[in-house]
Amino acid sequence: MNPVCARIKEIRKDYGLSQVEFAARLGVTNSHISGIERGKTVPSEALLKLICKEYRITENWLKYGVEPMMQEDEDLMTEDTIEAMFSEDPLKEAGFDLRN
């Protein structure tokens, strides 16, 4: 079996997801994931990138088995960072009140 296909199955199992659940998060069918996991279908480059993004996997691990498997937190924006970015009101801080 293609090592990339085996690693995709490993990711799904590590997350405790069925093929249906895993596929739904990626916008593909469960039969497509089944084909990949059985080595009958080769995943596209776009799907590999999406798996990496959705499941926080490094491309080097997914494609070549090079550690680390998971992306480092500093490489990602956390929910707290995103919330802080949007909770600040620069107009209010500058003294503007738009309620009038």
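In this predicted model, Arg56 comes out partly exposed, with a relative accessible area of 30%. Arg56 sits in the loop between α4 and α5, and its phi is positive, about 60 degrees, even though the residue is not a glycine. Another backbone oddity turns up in the loop between α5 and α6 (79-87), where Pro68 is found: the peptide bond from Glu67 to Pro68 is cis, with omega near 5 degrees.

On to the helices, starting with α1 (residues 3-14). Twelve residues at 1.5 Å a residue should give a span of 16 Å, and the end C-alpha atoms of α1 are indeed 16 Å apart, so expectation and model agree. Val4, Cys5, Arg7, Ile8, Ile11 and Arg12 of α1 are buried. Looking down the axis of α1, these buried residues fall within an arc of 160 degrees, which means they line one face of the helix. That fits the usual helix geometry: with 3.6 residues a turn, residues three or four places apart point the same way. The buried residues of α1 pack against α2, α3 (30-37), α4 and α5 (59-64), while the face turned away from the buried side carries exposed Lys13 and Asp14.

Two of those partners also meet each other. Helix α2 (residues 19-26) packs on helix α4 (residues 45-55) at an angle of about 100 degrees, the axes being 10 Å apart, so α2 runs roughly perpendicular to α4. On the α2 side the contact involves Glu21, Phe22, Arg25 and Leu26, and on the α4 side Leu47, Leu50, Ile51, Glu54 and Tyr55. Sorted by class, this contact has six nonpolar and three charged residues, and no polar ones.

Conventions. Residues numbered from 1 in each chain as written. Predicted model: local features only at pLDDT ≥ 70, side-chain atom pairs only at ≥ 80, totals over all residues. Heavy atoms only, no water. Axes fitted to C-alpha atoms, helices over the stretch in contact; angles between N-to-C directions. Helix = DSSP H or I, 4+ residues; strand = E, 2+ residues; numbered from the N terminus. Parallel < 35°, antiparallel > 145°, perpendicular 65-115°, else oblique. Contact = heavy atoms within 4.5 Å. Nonpolar A, V, L, I, M, F, W, Y, C, P; charged D, E, K, R; others polar. Expected span 1.5 Å × (residues − 1). Buried < 20%, exposed > 50% of the residue type's maximum accessible area, 1.4 Å probe, protein only. Arc of directions from axis to C-beta.
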